Amino acid sequence: MKQGFWGLQAWRRGAPLVILLALRIVVLPQGVRAGSEEDGIRTKLQQLEERLKQLEQQSATASSKGSAEAGQTKSPAIEELRQQLDILAAEVEKLRSGERLVEVTSEQVRSMGLAPSAAATYRKERGVSIAGYGQMLYENFKGANERGEPSSEGSQLDFLRAILYAGYRFNDKFVFNSEIEVEHTDEVSLEFAYVDYLANPHLTLRGGLLLMPMGLINEYHEPNVFLGNSRPETERRIIPSTWSEGGFGVLGSAGKFNYRAYVVNGLNATGFSSDGLRAGRQGGGEAKATNLALVGRLDVAPTPGVFFGGSVFTGNSGQGQFVVDGSKLGVRTTIGEVHAQAQIRGFDFRGLYARASLDDVADLNTALNLTGSDSIGKTQQGGYLQFGYNVLSQSSEKMQLTPFYRFEKLNTQHEVPVGFSADPTRHQTFHTFGFEFKPIHNIVVKTDYQWTRNSAKTGLNQFNIGLGYAF
Amino acid sequence: VDILDKPALFSESIEKLRAALLSGLFALVLVVWVFPLRAESLVSREEALAAIFPGATFKSERIFLSEKEQRDVAKLARAEVPSALWARYLVFSNGKEIGRAYVDTHVVRTKKESLLICLDEQGNVKRIEVTAFLEPPDYRASSRWYEQYYGKPLSNDLNLQRAIRPIAGATLTATATNNAVRRVLAIDHLLRQNPARGKLP
């Protein structure tokens, strides 16, 4: 279908920006108004402080002249001003605190010199939340692969992503949160957008476009959170980070346990390839939902800074698109992973193992015209171990300098159906060594070198430099 | 009948299981919606103080720090001091001061968080309660994470990646909290050296 400038596709791509703009227009004035109220009270407070000083000076002058009468008449005025000053100081401090409900009596409102409507700002707490992050990456590939064959990859500089989080708290129970992403400077998409119902500390109901709760990266993918310029390949091709689908579910925590369980639309097998499952993501935009999927995660955190757990995603990915011998292919897709992370006294350890298994792969290959070594992997697996240490952890509160090493193995064609063969380039090993430097917690500069090996001896090493920020 | 030998039957069973799960989830949504287990609420200062110091009495006061005192606190805490105005609660039991509590308001990412940081008589952290958190709840620290601070005085070791472990995925919350605790401990140290200082004229 031909799409004009105002066509559906253009509208979908622009929709996140429109939503953000609308939020800014509709909601931000409340925050601005709250700020102006605070400024007004501060001004009033300063005026009272000045007035108090004047009265104290007058009182001191009168006393020095021995005018007992003057001293007696001014003391009540000073005391009254002190009380007003104390009330205002308390209110300014409370207003600054952002606490939910500041009970302001009519008497206090009058004493603050505010109209009742202006004081309404004190009685309710809502608000827009804006945050974001971004990442730029320079990649320099080696001129020749493992065998010494020349490579034409060269170098690339890419502003990978610039993201704005926009959230809104409707009331104590309902919260909206979203991530609007611009990738490679010109691709706009909605990474997630959901509404939470905060039932109680142990249970939240969530619906919308959801990040799949799998692995260590998918939900926490800000550049200052993970080590290295590139996310581990296992968490790109088997767990296709960043991965979001539409659905609903529950999440929460109880003691040392954290859980999530969602029902979402399934993957779309049309995008599967010998390189993994990444292109099977649907991202919630006109997603095929003939087949739904379940995804769940459980983490245990025995002590702060340490947690381990696992997650499973399972559902059909055929989406009713493939008919073989008169019946639809289900293409059941199950991805499971286990992970662990520990951050103790500057040490940072992370490990993950993921495995995916697919049904009906031979028939799916036929339907997608994939032959020989282009087969989709019937089973796929990968994992990594990563170790880093912040060498400034015991000497600096703000700066961090963390050398790290990551060992990773990945095979997106661990098993292929009978009649097909595995492509040896899909069986890969990565060694990544690098540094990251954070002058402050919000900004990170990273550099690393990645040695890539595969069974076909065509691995290509690369050197990376990156800049990231989050606020 | 072994359903694994009969693909159609197996598929049907899966569909039934899925329908049951969906129905169960929908029922859970309805139950929670209609009968919330307990409303999540951030505690008020008064509620928190009463729970942390049962049977005690409290005196609320506002502290004004001079510019020099703000600089001294920042140097001691190794954290910025965003305001000259501080709320302090003195805690008494049988006429004796047994602790103090301060409210520290700071920005986590772009929105505010307020912590009621309670100290024991010696100036060690006794308890931390969140009284306001305007960022999305996902960034909020768990109560278990705050326990790392309990019983600790202001020291060089009271920092992230030292005695305090970070929060996965909420680095900025951890940083903001750590700065707040160090700031309050430094203010308390300064005021204990001169108890008459800082109070409203």
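**Figure 1. Strands β2(B) and β3(B) run antiparallel and are joined by seven bridges.** This is a predicted model, in which local features need pLDDT of at least 70, side-chain atom pairs count only at pLDDT 80 or more, and totals for chains, interfaces and linings use all residues. Residues are numbered from 1 along each chain as its sequence is written, chains are lettered from A and ligands numbered from 1 in the order in which they are written, and side-chain values use heavy atoms, with hydrogens and water left out. Two strands pair if DSSP finds at least two bridges between them; helices (H or I, at least four residues) and strands (E, at least two) are DSSP runs, numbered from the N terminus. Look for R88(B), which stands opposite Y102(B) in β3(B). Two residues lie between the strands of this hairpin, where N94(B) takes a positive phi near 55 degrees.

**Figure 2. β3(B) and β4(B) make a hairpin with four residues between them.** Here nine bridges hold an antiparallel pair together. Y102(B) appears again, now with I117(B) in β4(B) as its bridge partner.

**Figure 3. The open sheet of chain B has five strands in the order β1-β2-β3-β4-β5, with antiparallel pairing.** Which strands stand at the edges? They are β1 (57-64) and β5 (125-133) of chain B; each has a single partner strand, so one side of each is left without a neighbour in the sheet. From one strand to the next, the twist averages 20 degrees (axes are lines fitted to C-alpha atoms, for helices over the stretch in contact, and angles run from 0 to 180 degrees between N-to-C directions). At one edge, β1(B) pairs with β2 (residues 85-93) of chain B in the antiparallel sense over eight bridges, and S60(B) stands opposite Y89(B) in β2(B).

**Figure 4. Chain B meets chain A through 58 residues of chain B and 75 residues of chain A.** Contact means heavy atoms within 4.5 Å. Together the chains bury about 5,800 Å², 54% of it on carbon and sulfur atoms; buried area is the accessible area (1.4 Å probe) that two parts lose on being put together, summed over both. Between the chains there are six salt bridges (a side-chain nitrogen of Lys or Arg within 4 Å of a carboxyl oxygen of Asp or Glu). R206(A) forms a salt bridge with D138(B), with the closest N and O atoms 3.2 Å apart. Among the elements that each supply at least two residues of the side of chain B that touches chain A are α1 (7-34) and α5 (171-193) of chain B. The largest share of that side, nine residues, comes from α1(B).

**Figure 5. Two loops of chain A hold local backbone features.** The peptide bond from S241(A) to T242(A) is cis, with omega near -5 degrees. T242(A) lies in the loop between α5 (234-237) and β6 (244-254) of chain A. Q319(A), a residue other than glycine, has a positive phi near 55 degrees and sits in the loop between β9 (306-316) and β10 (323-324) of chain A. For background, most residues other than glycine have a negative phi, and most peptide bonds are trans.

**Figure 6. Confidence in chain A has a mean pLDDT of 85, with 82% of its residues at 70 or more.** The pLDDT is the predictor's confidence in each residue, from 0 to 100. Confidence in chain A is lowest in helix α4 (residues 116-119), at a mean of 38, and highest in strand β14 (residues 379-389), at 98. Over residues 1-12 of chain A the pLDDT is below 50, and this stretch has eight contacts in the model beyond near neighbours in sequence.
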